[in-house]
Amino acid sequence: MRAWFANLLPRERGILIGGAIAAVLVILWIGVLSPLRTRSESLRDSIAQKQRQLVDLARVGPESTHPDGANSPNTTLVVLIDASAREHGVALKTRRPDGPDGIQVAFANVAFDTLLDWLVAIEKQNAITVESASFTSTKQRGIVNGQLVLRRS
């Protein structure tokens, strides 16, 4: 192949090298840069959606109550959180009371969107707020592990 390339005229070698460079650039664009740009736009949209959900969560006032009286003072926070988590498909690993009006919960392999929906629901229905949160990502996209400290307002 080297002998063939060496036997080409300088003009032919230039055209061949230019074509090879153009082919590499096209392959690079199609195989790497274009998918990265598309994925970046998708992630940007996802972040905007998550920020809107967080704004909605922040707007929810403690004055909202559950229509069937589940926010009554007789219902313990542990029971309330456990029932609500099961209802929304959030599997809690541990539940530990944290004072008279708080609870610490840990969860694993929960879809982040499902978790946010649950947190919004308990805020709206039961006036329970997130005092602190700690999340770790998993190998699966959109799935998180973490811990929350929840307080009844």
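Before you click on anything, one cut-off: a residue is buried under 20% relative accessible area, exposed over 50%, and partly exposed in between. Keep it handy, because this tour of a predicted model leans on it several times.

**Stop 1: R13**

Select R13, which sits in helix α2. Is R13 buried, exposed or partly exposed? Its relative accessible area is 27%, so R13 is partly exposed. Now show what R13 touches: setting aside neighbours within four places in sequence, R13 is in contact with F5, A6 and L8.

**Stop 2: the whole chain**

Zoom out and colour by secondary structure. You should find 4 helices and 4 strands in the protein chain. Walking along the sequence, the pattern goes α-α-α-β-β-α-β-β. If you colour by burial instead, 27% of the 153 residues count as buried. As for contacts with a separation of 6 or more, 62% of them link residues 24 or more positions apart.

**Stop 3: the sheet**

Next, select the strands: β1 (92-97), β2 (102-111), β3 (128-137) and β4 (143-152). In what order do the 4 strands lie in the sheet? The order is β1-β2-β4-β3, in an open sheet with antiparallel pairing. That leaves β1 and β3 as the edge strands, each pairing on one side only. Look along the sheet and you can follow the twist, which averages 15° from one strand to the next.

Now take the strand pairs in turn.

- β1 with β2: 5 bridges hold this antiparallel pair. Pick R96 and you'll find its bridge partner in β2, Q104. The two strands form a hairpin with 4 residues between them, and G99 in the turn has a positive phi of about 80°.
- β2 with β4: these antiparallel strands are joined by 8 bridges. Click I103, then its bridge partner in β4, L150.
- β4 with β3: 9 bridges here, again in the antiparallel sense. T136 stands opposite N145 in β4. This pair is a hairpin too, with 5 residues between the strands, and G142 in its turn has a positive phi of about 85°.

While you are on β2, stop at N109, which belongs to that strand. The phi of N109 is near 55°, a positive value in a residue other than glycine. With 57% relative accessibility, N109 counts as exposed.

**Stop 4: helix α3**

Select residues 77-88, which make up α3. The helix has 12 residues and reaches 16 Å from its first C-alpha to its last, close to the 16 Å expected at 1.5 Å a residue. Which residues of α3 are buried? They are L77, L80, I81, D82, S84 and A85. The spacing of such a list is easier to read with one helix rule in mind: an α-helix has 3.6 residues a turn, so residues three or four places apart point the same way.

Show the surroundings of those buried α3 residues and you'll see them pack against β1, β2, α4 (112-126), β3 and β4. Just past the helix comes G89, with a positive phi near 80°.

**Stop 5: helix α4**

Move on to α4, which lies across β1, β2, β3 and β4 and runs at about 10° to β4. Try the distance tool on its end C-alpha atoms: they are 21 Å apart, which agrees with the 21 Å that 15 residues should span at 1.5 Å a residue. The buried residues of α4 are L115, L116, W118, L119, V120, A121, I122, E123 and N126.

Step just off the end of α4 to A127, in the loop between α4 and β3. A127 is another residue other than glycine with a positive phi, near 55°. Is A127 buried or exposed? Its relative accessible area is 3%, so A127 is buried.

**Stop 6: the largest pocket**

Finish with the largest pocket, which has a volume of about 340 Å³. To light up its lining, select R39, S42, L43, S46, I47, K50, A111, F112, D113, R141 and G142. Two elements give two or more residues to this lining, α2 (10-59) and α4. Which element gives the most? That is α2, with 6 residues. You have already met G142, in the turn of the β3 and β4 hairpin.

How values were computed: Residues are numbered from 1 along each chain as its sequence is written. This is a predicted model: local features need pLDDT of at least 70, side-chain atom pairs count only at pLDDT 80 or more; totals for chains, interfaces and linings use all residues. Side-chain values use heavy atoms; hydrogens and water are left out. The expected span of a helix is 1.5 Å times one less than its number of residues. Buried means under 20% relative accessible area, exposed over 50%, partly exposed in between (1.4 Å probe, protein chains only). Contact means heavy atoms within 4.5 Å. Two strands pair if DSSP finds at least two bridges between them. Axes are lines fitted to C-alpha atoms, for helices over the stretch in contact, and angles run from 0 to 180 degrees between N-to-C directions. On a 1 Å grid over the protein atoms alone, a cavity is a set of points where a 1.4 Å probe fits but cannot get out, and a pocket is an open set with protein on both sides within 12 Å along at least five of seven lines; lining residues have an atom within 4 Å of a point. Grid points are joined across faces, edges and corners, and a volume is the space filled by probe spheres set on the points.
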